[in-house]
Amino acid sequence: GLSLRRCIIALSLIELAIGIFGVGSLPLLYQHFYLQLSGHLPSHTLAPLVFAVLSLPTFLMGVSFPLLVRVAVAEQSDAATRVTNLYALNTFGAALGALIGGLVLMRYLGIEGATLIAALINFVAAVLVILPLKRLSRVEVKSISLPESIKAPEAPVAAKQPFGAWCLLYGLSGFVNLGLELVWFRLLGIILKTNTFSFSWLLFFYLSGLAAGSLFAAKKLKNATGSMFLLLQVAITVYSVIFQIVLY
């Protein structure tokens with residue numbers, strides 16, 4: 001895998017690239033090209049273009065989290081807690097970004113001002129990420145092999161389950177959860193009479209719930225099993241059904 005030093009450099013370059021894309025997205029999507037193109041083509045034909053344009057920054061955002069985990073997690077024993085805390089803080093930051101970006105920056109600075117502020121924050125993050133390199137030792141930490149007389153503890157039952165099956169279940173969970181977000185946005189939009197800031201509020205509450213749940217799990221559910229995960233999926237389903245019944 002990548003060394004710690006290379007991970008830090010890669011993470012800094014990714015933040016820099018996302019900021020550069022943010023600045024470049026203004027003429028591409030907002031000021032000239034996209035607006036001119038949208039006037040000559042049906043809206044449904046522009047979806048592949050939007051997908052192609054947004055694939056790069058979203059891909060880089062996705063790459064940044066594993067790199068951050070590699071930098072922040074030093075020992076396997078505390079990996080679960082640290083990864084969960086990182087995910088929770090990242091999600092809560094996204095929630096604040098949705099709220100402040102929608103209700104404050106876009107309201108008072110417009111799309112251009114909000115985009116430039118976000119790009120500036122990415123540039124600052126790129127610099128802050130690279131600073132620890134001055135203090136980072138060039139000596140890579142080597143794994144310590146245990147004597148043969150010391151046997152590793154037996155793996156928990158959950159770890160013996162096929163990893164691919166859990167990945168599939170977690171992927172399906174994300175598919176359903178994001179689908180529910182869209183459904184709730186449409187339903188609440190009818191109730192609240194959708195305005196410019198409705199999506200910002202909904203995204204803030206949705207992401208804040210994810211972050212709070214992650215922090216709770218990191219502190220209170222350290223010994224949770226796969227059964228707990230499945231039970232939570234059932235609870236989400238039951239809640240969604242009750243929500244529909246109460247609403248209608």
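Is Ser240 buried or exposed? In this predicted model, Ser240 has a relative accessibility of 11% and therefore counts as buried, since the cut-off for burial lies at under 20%. The residue belongs to helix 8, which runs over residues 226-247. Its side chain comes to 2.8 Å from the backbone oxygen of Ile236. When residues up to four places away in sequence are set aside, Ser240 touches Leu180 and Trp184. The surroundings of Ser240 are best described after the overall fold.

The secondary structure of the protein chain consists of eight helices and zero strands, and the pattern along the sequence is accordingly written α-α-α-α-α-α-α-α. The chain has 248 residues, of which 25% count as buried. Among contacts with a separation of 6 or more, 77% are made by residues 24 or more positions apart. The exposed area of the protein chain is about 17,700 Å², and carbon and sulfur atoms supply 71% of that area.

One of the two contacts of Ser240 leads to helix 6, residues 163-192, where Leu180 is placed. Leu180 is itself buried, because its relative accessible area of 16% falls under the 20% limit. Apart from residues up to four places away in sequence, Leu180 touches Ile236 as well as Ser240. The C-alpha atoms of Leu180 and Ile236 are separated by 9.8 Å, although the two residues are 56 residues apart along the chain. Ile236 thus appears twice in this region: its backbone oxygen is reached by the side chain of Ser240, and Ile236 is also touched by Leu180.

Glu181 also lies in helix 6. With a relative accessible area of 8%, Glu181 is buried. Beyond its neighbours within four places in sequence, Glu181 is in contact with Phe199, Leu202, Leu203 and Tyr206. For one of these partners, Leu203, the C-alpha atom is separated from that of Glu181 by 8.4 Å, at a distance of 22 residues along the chain.

Helix 7 comprises residues 198-220. At 1.5 Å a residue, its 23 residues should span 33 Å, and the end C-alpha atoms are 33 Å apart, so the expected and modelled values agree. The buried residues of this helix are Ser198, Ser200, Leu202, Leu203, Phe204, Tyr206, Leu207, Ser208, Ala211, Ser214 and Ala218. Ala212, also found in helix 7, counts as partly exposed because its relative accessibility is 45%. The C-alpha atoms of Ala212 and Phe92 are separated by 8.0 Å, while the residues themselves are 120 residues apart along the chain.

In soluble globular proteins, nonpolar side chains tend to be buried together. The largest nonpolar core of the model contains 12 residues, namely Ala95, Ala98, Leu99, Leu103, Leu180, Trp184, Leu187, Leu203, Phe204, Tyr206, Leu207 and Phe243. Helix 4 (79-130), helix 6 and helix 7 are the elements that give two or more residues to this core. Leu180 and Trp184, the two residues touched by Ser240, are both members of the core. Another member, Ala95, touches Phe204, Leu207 and Ser208 when residues up to four places away in sequence are not counted. A second, separate core has six residues, including Ile14, Ile18, Leu60 and Leu67.

Ile14 of this second core is also one of the contacts of Ser64. Ser64 is found in helix 3, residues 47-72, and counts as buried at 12% relative accessibility. Outside its neighbours within four places in sequence, Ser64 is in contact with Leu11 and Glu15 in addition to Ile14.

The cysteines were also examined. The structure holds zero disulfides. Cys7 is buried, with a relative accessible area of 2%, whereas Cys167 counts as partly exposed at 38% relative accessibility.

Definitions and conventions:
Residues numbered from 1 in each chain as written. Predicted model: local features only at pLDDT ≥ 70, side-chain atom pairs only at ≥ 80, totals over all residues. Heavy atoms only, no water. Helix = DSSP H or I, 4+ residues; strand = E, 2+ residues; numbered from the N terminus. Buried < 20%, exposed > 50% of the residue type's maximum accessible area, 1.4 Å probe, protein only. Contact = heavy atoms within 4.5 Å. Polar contact = N/O pair within 3.5 Å; in protein donor to acceptor, adjacent residues only side chain to side chain. Expected span 1.5 Å × (residues − 1). Core = buried A, V, L, I, M, F, W, Y, C linked by side-chain atoms within 4.5 Å. Areas by Shrake-Rupley, 256 points an atom, 1.4 Å probe, with all protein chains shown as cover. Disulfide = S-S within 2.5 Å.
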